[in-house]
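Please walk me through this protein model, beginning with its overall character and then turning to individual residues.

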Amino acid sequence: MAKATETEQYVVLPPRGLRAGTSAGDAQAREVLVGAESVTGGRLSIDGSQVPVKVIDSIASNGAKLVELSPASALALRFLRPGLRVVPVVYYTPAVAPIPQVESRPVTTTSGRTAAGDTITMKVVSKKDKSPVVGAIVVAFVDFAGRTGAQGVTDGAGQVSLALGAASVQLQRLYIYPVDGYWSLIKKNVTVSSASVLTLAPLDLAYTDGVRYFYPSSPDDAGAGVTVGVVDTGVAAHPDLVIAGGANTVPGEDPTDFGDNGVHHGTHVAGIIAARGTPPTGIRGVAPGVSLRAYRVFGQGSGSASSFAIAKAIDQAVTDKCDLINMSLGGGQADPVLTAAVEDARAAGSLCIIAAGNDGRKPVSFPAYDDRALAVSAMGRKGTFPTSATEAGDVAAPYGTDKKNFLADFSNVGPQLDLVGPGVGIMSTVPGGYEEISGTSMACPAVTGAAARSLTPKILKMKRAAARSDAMVTAVVATAKPLGFGPTFEGHGVPRPD
């Protein structure tokens, strides 16, 4: 716990929403928020009291502020202006399916070191031309239930050395997750040694994965007239993508740098929505005709984003007249900052579509469970990924009316769900190429693309207010087709606008 003199980051909010209004009830909060824009000497003056505060960033002059305060100063600020909300910053992560993790090493000697001759060096190569696969994550379990084994990343020669306790070992499970260009691989009950060479199948962009099964041959103008904001890790330049603009809302970074932050997640999400390539040399999203905007909320190389950065991005997306806002992120605790941002967006005629999370049937995560957003779970279909891919481990009940359809094993579920989308083994764009990834992160943009195709010119011409957002929800849900999983697993079903 922080000491009273240590500072922490907080977000200072008005009584409602992200911006203080003009009503008498908001007057004191507005005065403080506007005054914080010009704090001098590190102190905010309120009724003669001096509150030590450092203002880091601001959503608007009358809007939420990111500040550094001591707990004592936060307490003083709440006392002096009871209408203000002063809440700690919360962090969120991309909603991708988790990679199994090793938790313990194999049997060791009494000295605590692994036995002599225990290291196995395997090689991972392309099935097509035997070239090395670089940067692939390799996870080997001698005891899967006990999470005992070793893991590593392939080097420039495609090799990885794993301390497995012997020169030859039978593994209960072996997983390989390539960075891009290949399908992942799972092997069960396989014996490995330093002579082992494992091959990965290259991606075939003409292959019918889950997105392409449910949304085949999207025409060039699908989603035309709709503006979609991607609040994520940024979107890289790619031959299959056209980015209309965006912003970086990470405090302290260049606000014009909304490109990929090195994690690749946002570029993959963007491609599912709006890639304009043509197989087999490119890939096609669900709604290639939309105007796509990128809002980077994850810092360079970072796997987490702050509630303030996300809220500022949502606010900017609304300002930029985004009709739909895709948020393939979550996992943090319920937070007034994002609640306010989603609420403001809905009131301004923009609709947030949010991934439900990937905690293996746990309840829908925040912010997806906010009733003013659409929450999306992930499903898969047998035959839309190789049986040798790690996605084979995501097949689980419940199965649909068509028994090839299943609710992904990793997907969160619950009564807050609105829709379900294909999210198992999905191919899409990444910087410099293509990658297959699984997660509600992938299901969410598939649904966002389908939603874009559901919006009629009449809806898009409506005044940007809550009634417009409500009309968008009605239009999207009207296209949903139940798959037979049941409402707590799929909401209304998978949207099929055409």
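**From charges to single residues**

The protein carries 43 positive and 43 negative side chains, and the centres of these two sets lie 3 Å apart; Lys and Arg count as positive and Asp and Glu as negative, while His and the chain ends are not counted, and the place of a charge is taken as NZ of Lys, CZ of Arg, CG of Asp or CD of Glu. This is a predicted model, in which local features need pLDDT of at least 70 and side-chain atom pairs count only at pLDDT 80 or more, whereas totals for chains, interfaces and linings use all residues. Residues are numbered from 1 along each chain as its sequence is written, and side-chain values use heavy atoms, with hydrogens and water left out.

The protein contains 10 helices and 28 strands, taken as DSSP runs (H or I of at least four residues for helices, E of at least two for strands) and numbered from the N terminus. Its radius of gyration is 24 Å, which agrees with the value near 23 Å for a compact globule of 498 residues; the radius is taken over C-alpha atoms, and the globule rule is 2.2 Å times the number of residues to the power 0.38. Of the 498 residues, 55% count as buried, where buried means under 20% relative accessible area, exposed over 50% and partly exposed in between, with a 1.4 Å probe and protein chains only. Among contacts with a separation of 6 or more, 74% join residues 24 or more positions apart, a contact being heavy atoms within 4.5 Å.

Asn412 sits in the loop between strand S23 (405–407) and strand S24 (419–422), and it is buried, because its relative accessible area is 0%. Polar atoms of the Asn412 side chain lie 3.1 Å from the backbone oxygen of Ala356 and 2.7 Å from the backbone nitrogen of Asp359. Leaving aside neighbours within four places in sequence, the residues in contact with Asn412 include Gly357, Arg361, Ser377 and Leu417.

Two cis peptide bonds deserve a look. One runs from Phe366 to Pro367, with omega near 10°, and Pro367 lies in the loop between strand S21 (351–355) and strand S22 (374–381). Another joins Ala397 and Pro398, with omega about 5°, and Pro398 is placed in the loop between S22 and S23.

Finally, Asn189, in strand S13 (residues 185–193), has a positive phi of about 50° although it is not a glycine, and it counts as exposed because its relative accessibility is 55%.

Note on methods
A polar contact is a pair of N or O atoms within 3.5 Å; within protein, one must be able to donate a hydrogen and the other to accept it, and residues adjacent in sequence count only if both atoms are side-chain atoms.
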